[in-house]
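The exercises below go through one structure step by step. Try each task before reading its solution.

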Amino acid sequence: MFRGAYSIWGRDMLVLRRSILSELLAVMAYPLTLYLAFGVGLKGYIADVGGIPYPVFIAPGLISMTAVNAAFDESAWSMWFHRKVQRTIEEYRVTPITVYDIVIGKIFSGFSQGAIKGVAVAVVIFFMTPFRFQFSYLLFYLAYIVLGSMIFSCLGTICGTLIDKPENIGRVQAVVIVPLIFMAGIFFPLSAYPTAILPFIKALPTTAMFEGARQALVYGVFALNYIVTLVITAAVTFALAVVTFNRKMSE
Amino acid sequence: MRTAISLKGITKDYGSLTAVADFSLDVERESIFGLLGPNGAGKTTLIKILTTLMRPTSGDALVEGYSVLNAAKQVRRLIGVVPQANNLDRYLTARENLILHARLHGMSPKEYNPRIDELLELIGLASRQRDFPDIFSGGMQRRLVVARALLHNPRVLFLDEPTTGLDPQSRRAVWEYIQSLRSKMTIFLTTHYMEEADSLCDRIVIMDEGKALVDGSAAQLKEAVAHSHIYEIEFKGNADHYEGLLRSMPFVESLERNRDSFRVALKDEKDLKPFMEKIVGADIKRIFLKEPTLEDVFIELTGRNIRE
Ligand SMILES: Nc1ncnc2c1ncn2[C@@H]1O[C@H](COP(=O)(O)OP(=O)(O)OP(=O)(O)O)[C@@H](O)[C@H]1O
Ligand SMILES: [Mg+2]
């Protein structure tokens with residue numbers, strides 16, 4: 001069981017290994033630009049947030065954002081590419097593996113991309129931040145990267161499975177993914193929201209992902225409610241991705 | 001007959017379009033079977049159903065006794081597939097493409113490495129195995145796809161238009177290769193080319209609009225039209241006049257015109273004499289008897305050309 005998933009994941013990792021340097025360079029550019037623009041450029045204008053220097057306040061969110069974006073990108077585009085362009089999915093499907101092998105292999109590929117790229121950006125940002133995080137905090141934080149990458153990889157897989165036109169994948173990213181991430185308070189504390197809408201914001205899985213990550217890394221708080229939200233979201237999106245792919249393939 | 005593939009009333013609808021209509025067929029083991037038909041006939045749809053990529057709307061098919069509906073995984077264990085469009089992975093080298101396929105078939109490196117060496121040698125790509133297939137010519141890519149389909153020693157090989165788009169030389173190479181597999185496995189191929197079906201296949205079914213129209217060996221099919229005598233006549237000019245003349249002859253069964261030349265099918269051998277008498281004195285550039293091709297069979301049996 002899952003030998004096929006492992007082989008497909010292995011293929012994706014082999015391809016990633018070949019271009020890892022340029023991939024990392026490309027993926028660092030965006031969060032580092034944001035980090036420099038907001039963390040350094042605005043530093044003088046923004047007072048500490050709740051006693052935390054602004055660059056430290058935004059660092060965990062930028063790292064998580066890199067991870068989940070990379071996971072979504074990889075899963076959505078790779079699924080679309082292998083399905084519609086290269087049609088390699090058809091080649092996989094005439095071998096004695098199941099559609100579950102294929103979709104699970106692909107979800108883990110997206111997850112791995114997210115986790116690897118998130119950690120890479122983390123290393124660079126930690127290096128640039130004059131603030132040392134405690135090792136045990138980092139472990140808590142890792143749980144958020146792992147869960148976040150998993151959820152966004154599943155979401156990406158669903159998009160790459162359902163959407164045939166590439167421009168529509170871009171639209172989903174712009175209209176759904178980016179707002180979900182930015183509303184979760186990467187650049188500002190959640191207390192900035194009017195109290196009327198705060199409960200809705202707090203219910204977003206992305207809030208659990210980003211606010212939880214910040215609490216873990218900066219304060220060492222292991223927020224169980226956030227983790228539970230994320231575990232449930234991951235389980236649901238995983239099941240949805242598998243079912244969606246299975247449905248699409250038996251059309 | 002020992003049956004390798006058995007289709008039982010396969011129907012496939014795409015919305016209101018019926019691509020395959022109540023198709024039944026038995027293919028003998030270790031034979032080369034050719035499914036011939038124009039664009040949109042339903043060939044690829046049938047192959048997709050037989051290779052478990054698509055479920056039929058109704059009916060079932062057995063491959064080596066396993067149902068494509070209920071035992072799809074067992075079917076996939078036994079088949080090799082060369083799809084109509086090459087689906088190589090352009091981010092993997094030629095060899096890595098083969099390795100991934102072997103792994104998906106559960107082969108160990110000990111099993112697949114010697115087999116891959118052998119196949120790469122056979123298709124003449126041993127020296128290019130570290131290259132990525134997107135820089136290969138169409139013929140090289142096709143050979144690699146064929147090698148991939150054979151890697152796990154399938155019992156049934158499906159080839160969807162194996163030589164479409166290849167130059168004559170590459171086409172011949174693929175043909176020779178398919179010939180060399182004869183009697184080692186069952187081969188099910190589709191093609192547009194009469195010549196291809198004629199030279200490779202033990203048995204040919206011509207299909208169009210989802211239905212089988214003709215069934216037999218190349219020799220049998222030609223025999224079927226042997227009685228209809230087909231001549232090609234080219235005139236030096238005045239073709240419009242001659243067209244009228246030819247059309248007025250009651251024993252001309254069918255007539256096709258291409259500029260100044262005509263393809264004339266007579267109803268019977270004995271019609272040749274009155275035919276010659278009528279065109280005596282015409283400005284004939286050349287006239288010759290045509291050996292019936294499968295294309296003629298098709299025209300004969302369906303009343304129209306194979307659309308290319
Ligand atoms: N996914 C699909 N959705 C709707 N119609 C389809 C689909 N695939 C094929 N068809 C239609 O079904 C019919 C049969 O198509 P099919 O691809 O099986 O033909 P074919 O014999 O392989 O043709 P070709 O020689 O061009 O490859 C065609 O009319 C085609 O337009
Ligand atoms: Mg086809």
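A residue belongs to the shell around a molecule if one of its heavy atoms lies within 4 Å of that molecule. Helices, of at least four residues, and strands, of at least two, are DSSP runs numbered from the N terminus. The model is predicted.

**Exercise 1. Describe the shell around ligand 1 and state which element gives the largest share.**

Step 1. Ligand 1 is surrounded by 14 residues, and the closest are Asn39(B), Gly40(B), Lys43(B), Thr44(B) and Thr45(B).

Step 2. Sorted by class, the shell holds 5 nonpolar, 7 polar and 2 charged residues.

Step 3. H1(B) contributes 3 residues, the largest share of the shell.

**Exercise 2. Find N or O atoms of the protein that lie 2.9 Å, 2.7 Å and 2.8 Å from oxygen atoms of ligand 1, then state how much of the ligand is covered.**

Step 1. From the backbone, Gly42(B) places an N or O atom 2.9 Å from an oxygen of ligand 1.

Step 2. From the side chains, an N or O atom of Lys43(B) is 2.7 Å from a ligand oxygen, and one of Gln84(B) is 2.8 Å from a ligand oxygen.

Step 3. On its own, ligand 1 has 630 Å² of accessible area, of which the protein covers 62%.

Step 4. Strand E2 (17-28) and H1 of chain B are the elements that give two or more residues to the shell.

**Exercise 3. Identify the residues that coordinate the magnesium ion (ligand 2) and place them along the chain.**

Step 1. The donors are OG1 of Thr44(B) and OE1 of Gln84(B), at 1.8 to 2.1 Å.

Step 2. Thr44(B) sits in helix H1 (residues 43-50), while Gln84(B) sits in the loop between strand E6 (79-82) and helix H3 (94-104), so the pair, 40 residues apart, links distant parts of chain B.

Step 3. Thr44(B) has a relative accessible area of 24% and is therefore partly exposed. Gln84(B), at 39%, is partly exposed too.

**Exercise 4. Decide whether Asn87(B) is buried or exposed, and name its side-chain partner.**

Step 1. Asn87(B) is found in the loop between E6 and H3 of chain B.

Step 2. The cut-off for buried is under 20% relative accessible area. Asn87(B) has 4%, so this residue is buried.

Step 3. The side chain of Asn87(B) makes a polar contact of 2.5 Å with that of Arg148(B).

**Exercise 5. Apply the cut-off for burial to Ser261(B), then give the C-alpha separation from Lys236(B).**

Step 1. Ser261(B) lies in strand E13 (residues 261-266) of chain B. Its relative accessible area is 16%, so Ser261(B) is buried.

Step 2. Ser261(B) and Lys236(B) are 25 residues apart along the chain, and their C-alpha atoms are separated by 9.0 Å.

Step 3. For chain B as a whole, buried residues make up 53% of the 308 residues. The chain has 11 helices and 14 strands.

**Exercise 6. Locate Arg87(A) and Ser183(B), and report the sign of phi for each.**

Step 1. Arg87(A) is in the loop between helix H3 (54-85) and H4 of chain A. Its phi is positive, near 55°, in a residue other than glycine.

Step 2. Ser183(B) is in the loop between helix H6 (168-181) and strand E8 (186-191) of chain B. Its phi is also positive, near 70°.

Step 3. Arg87(A) is partly exposed, with a relative accessible area of 36%; Ser183(B) is partly exposed, at 49%.

Conventions. Residues are numbered from 1 along each chain as its sequence is written. Chains are lettered from A and ligands numbered from 1 in the order in which they are written. This is a predicted model: local features need pLDDT of at least 70, side-chain atom pairs count only at pLDDT 80 or more; totals for chains, interfaces and linings use all residues. Side-chain values use heavy atoms; hydrogens and water are left out. Donors are N, O and S atoms within 2.8 Å of the metal (3.2 Å for Na, K and Ca); water is not among the atoms, so sites may look incomplete. Buried means under 20% relative accessible area, exposed over 50%, partly exposed in between (1.4 Å probe, protein chains only). A polar contact is a pair of N or O atoms within 3.5 Å; within protein, one must be able to donate a hydrogen and the other to accept it, and residues adjacent in sequence count only if both atoms are side-chain atoms. Accessible areas come from the Shrake-Rupley method with a 1.4 Å probe; for residues, only the protein chains shown count as cover. Ala, Val, Leu, Ile, Met, Phe, Trp, Tyr, Cys and Pro count as nonpolar, Asp, Glu, Lys and Arg as charged, and the others, Gly among them, as polar.
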